[in-house]
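Work through the exercises below with the sequence and the model open side by side. Each task is followed by a solution in steps.

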Amino acid sequence: YAVVVSKKLEKSAVKRNKKRRQSYEIIRMMEKESLVPSQPSFDIVLIARKPAASASFDDLQKSLKTILQAVA
């Protein structure tokens, strides 16, 4: 998994890194629950868009679960 948060989305590196860390944590939690495959069979790149900048952790978690379960 790779998470990309563009400078266009958020100018502050601290805020960009926070969204990136939150996304990685959600993916880790989903791997623990076996909701997404943890075996390296393919690469997934997630690109954050405008709504992700203002989304809470719970909103981000719901969105990522929906996206990643559709892929898996």
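The exercises go from the whole chain to single residues, and the model they use is a predicted one.

**Exercise 1. The overall fold**

Task: Describe the secondary structure of the protein chain and the order of its elements, then judge its compactness from the radius of gyration.

Solution:
1. Assigning the secondary structure gives three helices and two strands.
2. Going along the sequence, these elements are arranged as β-α-β-α-α.
3. The radius of gyration is 12 Å, close to the 11 Å that the globule rule gives for 72 residues, so the protein chain is as compact as a globular protein of that length.
4. Along the principal axes, a box of roughly 35 × 25 × 20 Å holds the C-alpha atoms.
5. Of the 72 residues in the protein chain, 28% are buried.
6. Take the contacts with a separation of 6 or more: 72% of them join residues 24 or more positions apart.

**Exercise 2. The salt bridge**

Task: Search the whole structure for salt bridges, and state how many there are and which side chains take part.

Solution:
1. The search returns one salt bridge.
2. Its partners are the side chains of glutamate 25 and arginine 28, with an N to O distance of 3.3 Å.
3. Both residues belong to helix α1, which spans residues 13–32. They are three residues apart, about one turn of the helix.
4. To class the accessibility of each partner, apply the range between 20% and 50% for partly exposed. Glutamate 25 has a relative accessible area of 33%, so it is partly exposed.
5. Arginine 28, at 47%, is therefore partly exposed as well.

**Exercise 3. Two polar side chains**

Task: Are serine 23 and glutamine 61 buried or exposed, and which residues does each touch?

Solution:
1. Locate the residues: serine 23 is in helix α1, and glutamine 61 is in helix α3.
2. The cut-off for buried is under 20% relative accessible area. Serine 23 has 8%, so it is buried.
3. Glutamine 61 has 16% and therefore also counts as buried.
4. Leave out residues up to four places away in sequence. Serine 23 then touches Val3, Leu60 and Leu64.
5. Under that same exclusion, glutamine 61 touches Ile26 and Met29.
6. As a distance check, take serine 23 and leucine 68: they are 45 residues apart in sequence, and their C-alpha atoms are 12 Å apart in space.

**Exercise 4. The largest pocket**

Task: Give the volume of the largest pocket, then say which elements line it and how its lining divides by residue class.

Solution:
1. The volume of the largest pocket is about 280 Å³.
2. The lining has 16 residues, and those closest to the pocket centre are Ile47, Ala48, Arg49, Ala52 and Leu60.
3. Elements that contribute two or more residues are α1, β2 (45–47), α2 (50–54) and α3 (57–71).
4. The biggest share comes from α3, which gives five residues.
5. Sorted by class, the lining comprises 11 nonpolar, two polar and three charged residues.
6. Compare with the previous exercise: Leu60, one of the residues closest to the pocket centre, is also among the residues that serine 23 touches.

Methods:
Residues are numbered from 1 along each chain as its sequence is written. This is a predicted model: local features need pLDDT of at least 70, side-chain atom pairs count only at pLDDT 80 or more; totals for chains, interfaces and linings use all residues. Side-chain values use heavy atoms; hydrogens and water are left out. A salt bridge is a side-chain nitrogen of Lys or Arg within 4 Å of a carboxyl oxygen of Asp or Glu. Helices (H or I, at least four residues) and strands (E, at least two) are DSSP runs, numbered from the N terminus. Buried means under 20% relative accessible area, exposed over 50%, partly exposed in between (1.4 Å probe, protein chains only). Contact means heavy atoms within 4.5 Å. On a 1 Å grid over the protein atoms alone, a cavity is a set of points where a 1.4 Å probe fits but cannot get out, and a pocket is an open set with protein on both sides within 12 Å along at least five of seven lines; lining residues have an atom within 4 Å of a point. Grid points are joined across faces, edges and corners, and a volume is the space filled by probe spheres set on the points. Ala, Val, Leu, Ile, Met, Phe, Trp, Tyr, Cys and Pro count as nonpolar, Asp, Glu, Lys and Arg as charged, and the others, Gly among them, as polar. The radius of gyration is taken over C-alpha atoms; the globule rule is 2.2 Å times the number of residues to the power 0.38.
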